[in-house]
Amino acid sequence: MKTIAAKLLASVLFALLLSPALFATDYRYTKIDPPSATSAVARGINARGDILGDYVDADGVDHDFLFHKGIYTNIDYPGGAGASARALNARGDIVGVLSDDKGNHGFLLSDGKLTKLDYPGAVDTRAFGINNSGDITGQYTTKFGAVFGFILKQGKYYKLRLQGSSLTSLHGAEDNGRVMTGDVMLTADSSLHAFLQGKSGDVQLLDPPGTIFPCSRGRGINEGGDVAGAFTIANTADECGGPAHGFVFHQGAYDIIDPPGSTDTFVFGINDDGAVVGAETGKNGVVHGFRATPKE
């Protein structure tokens with residue numbers, strides 16, 4: 001009987017043998033840059049079209065922002081906490097990473113209340129996603145340095161670790177809390193893959209067309225099961241940190257997301273309308289947030 005690791009490796013070989021189909025979806029690209037921003041990143045978009053992100057102002061100060069109905073608003077955290085927002089849901093709840101003198105923690109900002117999130121026994125906890133049911137996804141690090149994914153449902157933490165992996169990180173879940181996406185690094189060759197876990201627990205690795213050495217990341221998922229993320233054309237694991245391209249995986253095929261003129265694109269979030277948000281680097285080296293909306 002094959003192990004999960006063997007099945008994962010087999011799926012990689014299968015993906016290389018059969019080139020995945022490409023969608024020809026056209027997207028309309030819009031920059032998401034708050035006033036006075038010298039650089040910006042759009043990290044999440046909810047069902048209402050609200051966009052969450054962060055930017056650096058003219059004085060070199062970092063801010064998190066919410067873009068709602070054409071208006072940018074800075075996010076102020078209770079007590080001046082040092083936090084970095086990563087995702088939001090339709091209700092407006094925000095999750096992310098909070099840093100203090102004890103390290104990194106996940107956080108939930110809801111109705112003006114900031115709640116610190118720590119996986120039991122972890123030395124580092126980070127929250128990356130929140131769905132409309134309030135389930136929170138992320139990753140935690142043990143005292144031995146192992147990194148696992150988690151989902152927090154109704155106050156209880158559930159661990160996610162794919163066998164044969166040296167790292168599992170969970171970035172998003174559908175409202176049912178069972179269909180999920182994130183990243184997995186395989187121990188066998190240090191390859192990095194976006195993945196989609198279905199209702200039955202089956203795992204599909206997502207490696208967009210043109211991939212040589214697997215290096216993809218899953219970052220967002222919507223209620224249609226579409227996964228958004230990024231991938232790098234790399235020859236070895238050491239090249240995985242190079243310039244990236246965004247992607248959307250939809251009904252077995254891929255849209256490649258690259259705003260015109262971008263030299264490096266990373267997609268972080270997707271909503272139920274298929275609109276995605278992320279960051280793109282222009283030829284001048286300046287980083288801008290963007291929204292890409294499918295054309296009808």
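Which residue in β24 is the bridge partner of Gly-269? That is Val-277, and it makes a handy way into this predicted model. A few notes from going through it follow.

1. **The sheet around that bridge.** Gly-269 and Val-277 are bridge partners within a longer pairing: β23 and β24 (residues 276–281) run antiparallel and share six bridges. They belong to an open, four-stranded sheet, ordered β2-β25-β24-β23 and paired in the antiparallel sense. At its edges sit β2 (27–32) and β23 (264–270), each pairing on one side only. Ignoring direction, neighbouring strands here are turned against each other by 30° on average. Do look at the strand order when you trace this one: β2 is next to β25 in the sheet.

2. **A second four-stranded sheet.** This one is open and antiparallel too, with the order β7-β8-β9-β10. Its edge strands are β7 (83–88) and β10 (113–117), and each of them pairs on one side only. The average turn between neighbours, direction ignored, is 30°. For a closer look, take β7 and β8 (residues 94–100), which are antiparallel and joined by five bridges. Leu-88 is a good residue to start from, since Ile-94 in β8 stands opposite Leu-88.

3. **The β3-β4-β5 run.** Two hairpins share β4 here. β3 (residues 39–45) pairs with β4 in the antiparallel sense over six bridges, and five residues separate the two strands of that hairpin. Gly-49, in the turn, has a positive phi of about 90°. On the other side, β4 and β5 (residues 62–68) are also antiparallel, with six bridges. Their hairpin has five residues between the strands as well, and the turn includes Gly-60 with a positive phi of about 80°.

4. **Asp-54, in the middle of it.** Follow one row across those strands: Val-41 has Asp-54 of β4 as its bridge partner, and Asp-54 in turn has Asp-64 of β5. As for β4 (residues 51–56) as a whole, five of its six residues are buried, so the strand is mostly covered.

5. **The disulfide.** The count comes to one. Cys-215 and Cys-240 form it, with an S to S distance of 2.4 Å. Cys-215 sits in the loop between β18 (203–206) and β19 (216–221), and Cys-240 in the loop between β20 (227–231) and β21 (245–250), so the pair ties together parts that are 25 residues apart in sequence. Both ends are covered: Cys-215 has a relative accessibility of 0% and counts as buried, and Cys-240 is buried at 9%.

6. **The largest nonpolar core.** It has 12 residues, among them Ala-87, Val-95, Leu-117, Ile-130, Phe-148 and Tyr-157. β11 (124–130), β12 (136–141) and β13 (147–153) are the elements that supply two or more residues each. β13 gives the largest share, three residues. As background, nonpolar side chains tend to be buried together in soluble globular proteins.

7. **Tyr-157 as a view into that core.** Setting aside neighbours within four places in sequence, Tyr-157 is in contact with Leu-117, Asp-118, Tyr-119, Pro-120, Phe-150, Ile-151 and Leu-152. Several of these are fellow core members, including Leu-117, Tyr-119, Phe-150 and Leu-152.

8. **Thr-137.** Is this residue of β12 buried or exposed? Thr-137 is buried, because its relative accessibility is 1% and the cut-off is under 20%. Its side chain reaches the backbone oxygen of His-171 at 3.3 Å. Beyond neighbours within four places in sequence, the contacts of Thr-137 include Arg-126, Phe-128, Phe-150, Leu-170 and Gly-172.

9. **Asp-189.** This residue lies in the loop between β16 (180–186) and β17 (192–197). With a relative accessible area of 35%, Asp-189 is partly exposed. Its side chain makes a polar contact of 2.7 Å with that of Ser-191. If you want a long span for orientation, Asp-189 and Asp-100 are 35 Å apart in space, C-alpha to C-alpha, and 89 residues apart in sequence.

Notes:
Residues numbered from 1 in each chain as written. Predicted model: local features only at pLDDT ≥ 70, side-chain atom pairs only at ≥ 80, totals over all residues. Heavy atoms only, no water. Pairing = 2+ DSSP bridges. Axes fitted to C-alpha atoms, helices over the stretch in contact; angles between N-to-C directions. Disulfide = S-S within 2.5 Å. Buried < 20%, exposed > 50% of the residue type's maximum accessible area, 1.4 Å probe, protein only. Core = buried A, V, L, I, M, F, W, Y, C linked by side-chain atoms within 4.5 Å. Contact = heavy atoms within 4.5 Å. Polar contact = N/O pair within 3.5 Å; in protein donor to acceptor, adjacent residues only side chain to side chain.
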